[in-house]
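Q: I'd like to walk through one part of this model slowly, with the rest of the chain as a backdrop. Have a look first, then I'll ask.

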Amino acid sequence: MNAVDEKYMRLALALAKKGIGKVEPNPAVGCVIVKDGKIIAKGFHKEFGDPHAEINALKNSKQSPVGSTMYITLEPCCHFGKTPPCTNAIIKAGIKKVIAAAKDPTEKVSGKGFKILKKAGIEVITGICKNEAEILNAPFFHFARTKRPWVIIKWAQSADGFLARTDKKRWITNPKSRKDVHKLRKKIQAILIGINTVLADDPMLTARPDTNRQLLRIVLDSQLKIPADCKLFKTTKKTPVCIFTTTAKPKITQKGVEIVKVGKYKGRINLKAALAELGKRNIQQILVEGGEKVITSFLKQKLADEVIIYTSAEKLAKKGKIKSSQIMRNLYNRLKKNYKDKKRFGKDIRLTAFFK
Ligand code: AOF
Ligand code: ZN
């Protein structure tokens, strides 16, 4: 691999990263244009529905891009989506060579973008920093491959493994950690909880700062115990709710509430079937927020793709309730030694890892 190509591709990857939390469910893509050994333009996909990385780079170009080399972290698109095909713009701009990190796995592109460029006489090189590019957009690649959403399991625990507390101080983790969770919510299209969490906390789950795009709220409720007066149902005009159940469909006709019946797996909701249903609804990334039973089911059925654990420094002892399950504890102990990322928020620690 050429060290110079790798250097420019790493820069394109760093640019792409700036789009995380704003472009989803689109991939985050970065682009660098180089001419005569100098960078003449940079760009990235900034916001869902906005111009793609290549178009932004071409727009930012300080000089004519004719005869230049374009580094892109993903194969250029060749279809009309919310924006016109990037391949057209690249050909029109007179780019001589395209170096791409990864192939766009979506059916409408999937190698066709490269073919079109080659046919127009552009030299195409692929695979530079492919791994990094695929990890950066892991949910996007996972969804294209499996047609099921990328599942992020998240929980907060005290230093002694409690998931909730009995005293009035509602929270386990500090405000900085909680702010970080809000950042996480920007990437996802749906948030999933179990019926026990609805019954215990009556959450709203609408908070999604700085975006007016909808977040689907999913409840796993095999026996359909959800109370008609829950907060989730009060906000369905703006934010829809999807309930997975194993019992026969009832007559809930409220607008914005969808009831989906799926089969059973070891007496509980078949999560794989539920995920396939969400895939059909184009949900690319979900956040599983608990409680303990739901998280344990996802882990037991090996359906988690990413795990994020926030641990506070405080031991709750008698003030604690609901302990993390055995499989959660084992996972936490594994993560302490082998994590993808570790970050401190005051005294809280966040550990992140991918499964695989
Ligand atoms: C690119 N460059 O920067 C990105 C691409 O609806 P649209 O027009 O925004 O198209 C979205 C699709 O385009 C998305 O599913 C993925 O296949 C591709 N993303 N392609 O050439 C980019 N973000
Ligand atoms: Zn494009």
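Before we zoom in: among contacts between residues at least 6 apart in sequence, what percentage join residues at least 24 apart? Then please take a close look at the open sheet of five strands: in what order do they come?

A: Keep in mind that this is a predicted model. On the contacts, 70% of those between residues at least 6 apart in sequence join residues at least 24 apart.

Here's the backdrop. The chain has 12 helices and 18 strands. Its radius of gyration is 23 Å against the 21 Å that the globule rule gives for 356 residues, so the chain is as compact as a globular protein of that length. Along the principal axes, the C-alpha atoms fill a box of roughly 70 × 45 × 35 Å, and buried residues account for 41% of the chain.

Now for your sheet. The order is S2-S1-S3-S4-S5, the sheet is open, and the pairing is mixed. Strand S2 (38-44) and strand S5 (123-126) are the edge strands, and each has a single partner, so one side of each is left without a neighbour in the sheet. From one strand to the next, the twist averages 15°.

A quick reminder helps with the next part: strands of a sheet pair through backbone hydrogen bonds, either parallel or antiparallel. You can see where the mix comes from by stepping across from S1. S1 and S3 pair in the antiparallel sense, over four bridges. S3 then runs parallel to S4, with five bridges between them. S4, residues 97-102, is also parallel to S5, and four bridges join that pair.

Tyr71 is a handy marker for this walk. On one side, Val32 stands opposite Tyr71 in S3; on the other, the bridge partner of Tyr71 in S4 is Ile99. One step further out, Lys97 has Glu123 in S5 as its bridge partner. As for burial, six of the six residues of S3 are buried.

What lies across this sheet? Helix H1, residues 3-17, lies across S1 (30-35), S2, S3 (69-74) and S4, and H1 runs at about 145° to S1. Val4 sits in helix H1. Val4 has 11 other C-beta atoms within 10 Å, and since 12 or fewer is the cut-off for exposed, Val4 counts as exposed. Val4 and Gly37 are 33 residues apart in sequence, yet their C-alpha atoms are 9.4 Å apart in space.

The loops next to these elements deserve a stop too. Pro25 is in the loop between H1 and S1, and the peptide bond leading from Glu24 into Pro25 is cis, with omega near 5°. After S4, on the way to helix H4 (112-119), the loop holds Ser110. Ser110 isn't a glycine, but its phi is positive, at about 40°. With 15 other C-beta atoms within 10 Å, Ser110 is partly exposed. Past the edge strand, the loop between S5 and helix H5 (130-136) holds Cys129. Cys129 also has a positive phi without being glycine, near 60°, but Cys129 is buried, with 23 C-beta neighbours inside 10 Å.

For context, here is the nine-stranded sheet elsewhere in the chain. That one is open as well, with mixed pairing and the order S11-S10-S9-S8-S14-S6-S15-S18-S17. Strand S11 (257-261) and strand S17 (341-345) take the edges with a single partner strand each, so one side of each has no neighbour in the sheet. The twist there averages 20° from one strand to the next. At the S11 end, five bridges join S10 (residues 241-245) to S11 in parallel, and one bridge partner to pick out is Lys261 in S11, which goes with Thr245. There's a cis bond by this sheet too: the one from Gly290 to Gly291, with omega near 5°, and Gly291 lies in the loop between S14 (285-290) and helix H11 (292-300).

Last, a word on the ligand. Ligand 1 has 17 residues around it, and the nearest are Val29, His45, His52, Gly81 and Lys82. By type, that shell splits into eight nonpolar, six polar and three charged residues.

Technical notes. Residues are numbered from 1 along each chain as its sequence is written. Chains are lettered from A and ligands numbered from 1 in the order in which they are written. This is a predicted model: local features need pLDDT of at least 70, side-chain atom pairs count only at pLDDT 80 or more; totals for chains, interfaces and linings use all residues. A residue is near a molecule or strand if its C-beta atom, placed from the backbone, lies within 6 Å of it. Ala, Val, Leu, Ile, Met, Phe, Trp, Tyr, Cys and Pro count as nonpolar, Asp, Glu, Lys and Arg as charged, and the others, Gly among them, as polar. Helices (H or I, at least four residues) and strands (E, at least two) are DSSP runs, numbered from the N terminus. The radius of gyration is taken over C-alpha atoms; the globule rule is 2.2 Å times the number of residues to the power 0.38. A residue is buried if 20 or more other C-beta atoms lie within 10 Å of its own, exposed if 12 or fewer, and partly exposed in between; C-beta atoms are placed from the backbone. Two residues are in contact if their C-beta atoms, placed from the backbone, lie within 7 Å. Two strands pair if DSSP finds at least two bridges between them. Axes are lines fitted to C-alpha atoms, for helices over the stretch in contact, and angles run from 0 to 180 degrees between N-to-C directions.
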